[in-house]
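Me: I am new to this structure and would like a close look at one part of it. Please start there, and then go on to whatever else helps me find my way around.

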Amino acid sequence: MKMFKLLLTILVFSSSFLNAQDLKPEYQKFISKFILEVKSNDKEAIAKRIKFPFKREYPIPPVKDKADFIKRYNQIFDKVLIEKIVKSNPAKDWSEVGWRGIMLNQGDLWIDTDGRIISINHQSEEELKLKNSKISEQKKNVNPSLSNFKEPVAILETSKFRIRIDDLGNDNYRYASWSLNQKMTDKPDLVIEKGTFHADGTGGNHHYEFKKGNFRYECHFIVLGEKGSAPAMLIVYQSEKEILSQDAKIVSR
């Protein structure tokens, strides 16, 4: 599921695939309409199916609005994805996966039961080049000691700290933090490697865990939470006792 760590747990679907159901006739109807829109290159109609901003794999910037979508349409809907959609059979290649929505094949594209596009997890060659370019840019804008990451994961800000999480490869994540008055080009106050990723159930919530001595730092991402809840949270434990808990905003992801 490397294709969108930004949707990592919308796509913690390895187990969900087992629960995929044949598509109901009423859903097949709007899937057929969507297939026709793609076949006809009807960008206006497809844009109406999308809620903006529409996320792409970080650090690729989200699609801001309809105009941005139409401009980037060929970058997202490349020949490979278009062929998968156009050649798909609504009854055989699309399946309902509970509350998560309706997926094409093994999750190349997801649509909800109202016909809105939830996520596009296919990545074109053009987007891959853009992603690599953005990663190179980020490596120039962090302290040199942190420039060895494979992919960025997220940047969070609490009321006191700026936190950067990077993927170093081989399921090894790194935590780096600064006070808010510092820049990421400054030497970080704290760096912890060998962090781990944890999915919290199948609803999309997940967290990264980092350990240093008898301290444990957890960065939680709230996909499904109570109305008005923060999108992220930092929790720090000392000897298994919680000593700090701060809501966080996701600056970039």
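Reply: Pro59 sits in the loop between H2 and H3. The model is a predicted one, and in it the peptide bond that joins Tyr58 and Pro59 is cis, with omega about 10°. The loop between H2 and H3 also holds Pro53. The bond leading from Phe52 to Pro53 is likewise cis, and its omega is near 0°. As background, most peptide bonds are trans, and most residues other than glycine have a negative phi.

Phe52, the residue before Pro53 in that cis bond, has a relative accessibility of 25% and therefore counts as partly exposed. The limit for buried is under 20% and the limit for exposed is over 50%, so a value of 25% falls in between.

The ring of Phe52 brings in the aromatic pairs. Searching the whole structure gives 11 aromatic pairs. One of them joins Tyr27 and Phe30: the ring centres are 5.8 Å apart and the planes stand at 50°, so this pair is tilted. Both residues belong to helix H1, where they are three residues apart, about one turn of the helix. Tyr27 and Phe30 are both buried. Another pair is that of Phe52 and Phe69, with ring centres 6.3 Å apart and planes at 55°, so this pair is tilted as well. The Phe52 and Phe69 pair links distant parts of the chain, 17 residues apart: Phe52 is in the loop between helix H2 (43-47) and helix H3 (66-76), while Phe69 is in helix H3. Phe69 has 0% relative accessibility and so counts as buried, whereas Phe52, at 25%, is partly exposed. The two rings are also part of a cluster, in which ring pairs link Phe52, Phe69, Tyr73 and Phe77.

Helix H3 is also the place of Gln75. With a relative accessible area of 12%, Gln75 is buried, because that value is under 20%. Apart from its neighbours within four places in sequence, Gln75 touches Ser124, Glu126, Glu127 and Leu130.

Next come two helices that pack together. Such a packing is described by the angle between the axes and the distance between them. For helix H1 (residues 25-39) and helix H4 (residues 79-86), the angle is about 140° and the axes are 9 Å apart. That angle makes H1 oblique to H4, because only angles over 145 degrees count as roughly antiparallel. The crossing of H1 past H4 is left-handed. On the H1 side the contact is made by Phe34, Ile35, Val38 and Lys39, and on the H4 side by Ile82, Ile85 and Val86. Sorted by class, this contact has six nonpolar residues, no polar ones and one charged one.

The loop between strand S3 (102-104) and strand S4 (109-111) holds Gly107. Gly107 has 6% relative accessibility and so counts as buried. In sequence Gly107 and Trp94 are 13 residues apart, and in space their C-alpha atoms are 9.3 Å apart. Asn105 is placed in the loop between S3 and S4 too. Its relative accessible area is 27%, so Asn105 is partly exposed. Asn105 has a phi near 55°, which is positive although the residue is not glycine. Ser239 also has a positive phi without being glycine, in this case near 50°. Ser239 lies in another loop, between strand S12 (232-238) and strand S13 (241-252).

The last stop is Tyr175, in strand S8 (residues 173-179). At 2% relative accessibility, Tyr175 counts as buried. Tyr175 and Ile192 are 17 residues apart in sequence, yet 5.1 Å apart in space from C-alpha to C-alpha. Ile192 is one of the residues in contact with Tyr175 once neighbours within four places in sequence are left aside. The others are Ile163, Arg164, Leu190, Val191, Phe210, Tyr217, Cys219 and Leu234.

Terms used:
Residues are numbered from 1 along each chain as its sequence is written. This is a predicted model: local features need pLDDT of at least 70, side-chain atom pairs count only at pLDDT 80 or more; totals for chains, interfaces and linings use all residues. Side-chain values use heavy atoms; hydrogens and water are left out. Axes are lines fitted to C-alpha atoms, for helices over the stretch in contact, and angles run from 0 to 180 degrees between N-to-C directions. Helices (H or I, at least four residues) and strands (E, at least two) are DSSP runs, numbered from the N terminus. Angles under 35 degrees count as roughly parallel, over 145 as roughly antiparallel, 65 to 115 as roughly perpendicular and the rest as oblique. A crossing is left-handed if the near helix is turned anticlockwise from the far one by less than a right angle, and right-handed if clockwise. Contact means heavy atoms within 4.5 Å. Ala, Val, Leu, Ile, Met, Phe, Trp, Tyr, Cys and Pro count as nonpolar, Asp, Glu, Lys and Arg as charged, and the others, Gly among them, as polar. Rings of Phe, Tyr and Trp (its six-membered ring) pair if their centres lie within 6.5 Å; planes under 30 degrees apart count as stacked, over 60 as edge-to-face and the rest as tilted. Buried means under 20% relative accessible area, exposed over 50%, partly exposed in between (1.4 Å probe, protein chains only).
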